[in-house]
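User: I would like to learn how to read the features of a model like this one, beginning with charged pairs. Could you take me through them step by step?

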Amino acid sequence: MKFSIVATLVVVLAIGCESSSLVKRDIPAEIETLTKYFQDAIEKVKSHELISQAQGYLEEGKTEITPLTDKIQEHAEKIQEQMKSFVSDIEKQVRPMADNLQAQFMPLVDKMQAQFKPLADDLQAQMEQLFQTVVDQTKALLPPQ
């Protein structure tokens, strides 16, 4: 009986040593797996924090820029109103000069048209006559049908 207890104890110790050596071999792999898992989890949390932080910065920037854009819009509208009056004043000053210039040039333009009209009509008549002569001579060169 003592012998069976000693034999059982030896077997248990052998199995224990064998299993502890297996456990020792697997522990580094498991630790590495767990370390990688936690590193991935930390990276995800950091990236989520970075995204949240970036969104926060964007929101802050937007709230800071909005009043500036409103001020710029107001200034642009004021400048536009000032330009309207400025352009209106210039138009009031230039309009009489333009009307005067047109009044002075219209008789010249009418006179030039009166002089060029007979020349253009004569040129057109000569071109029609030349064309007709070319047609007649071409017909004369063709053999009779």
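Analyst: A search of the whole structure, which is a predicted model, finds three salt bridges. The general idea is that side chains of opposite charge can pair when their charged atoms come close.

User: What does the secondary structure of the protein chain come to?

Analyst: The chain comes to one helix and zero strands. Helix 1 covers residues 2-141, and the pairs discussed below can be placed along it.

User: Which side chain meets Glu81 in a salt bridge, and how far apart in helix 1 are the two residues?

Analyst: The partner of Glu81 is Lys84, with an N to O distance of 3.8 Å. Because Glu81 and Lys84 are three residues apart in helix 1, about one helical turn separates them. Lys84 counts as partly exposed, since its relative accessibility is 49%, and the cut-off for exposed is over 50%.

User: Which residue pairs with Glu91, and are Glu91 and its partner buried or exposed, or in between?

Analyst: The side chain of Glu91 meets that of Arg95 in a salt bridge of 3.4 Å, N to O. Both residues lie in helix 1, four residues apart, which is about one turn of the helix. Glu91, with a relative accessible area of 44%, is partly exposed, and Arg95, at 45% relative accessibility, is partly exposed as well.

User: With which residue does Asp121 form a salt bridge, and how accessible is each of the two?

Analyst: Asp121 forms a salt bridge with Lys117, and their closest N and O atoms are 3.5 Å apart. Here too the two residues lie in helix 1, four residues apart, or about one turn of the helix. Asp121 has a relative accessible area of 37% and is therefore partly exposed, whereas Lys117, with 52%, is exposed.

User: Turning from charge to nonpolar side chains, which residues make the nonpolar surface patch?

Analyst: To read such a patch, one looks at its members and its area together. In this model Ile79, Met83, Phe86, Val87, Ile90, Val94 and Met97 make a nonpolar surface patch of about 640 Å². One of these members, Met83, is found in helix 1 and is partly exposed, with a relative accessible area of 43%.

User: Finally, how much of the protein chain counts as buried, and what does its accessible surface come to?

Analyst: Of the 145 residues of the protein chain, 0% count as buried, a class that requires under 20% relative accessible area. The accessible surface of the chain comes to about 13,800 Å², and 66% of that surface belongs to carbon and sulfur atoms.

Methods
Residues are numbered from 1 along each chain as its sequence is written. This is a predicted model: local features need pLDDT of at least 70, side-chain atom pairs count only at pLDDT 80 or more; totals for chains, interfaces and linings use all residues. Side-chain values use heavy atoms; hydrogens and water are left out. Patches are made of residues with over 30% relative accessible area and no salt bridge: like charges are joined within 9 Å, nonpolar side chains (Val, Leu, Ile, Met, Phe, Trp, Tyr) within 5 Å. Accessible areas come from the Shrake-Rupley method with a 1.4 Å probe; for residues, only the protein chains shown count as cover. A salt bridge is a side-chain nitrogen of Lys or Arg within 4 Å of a carboxyl oxygen of Asp or Glu. Buried means under 20% relative accessible area, exposed over 50%, partly exposed in between (1.4 Å probe, protein chains only).
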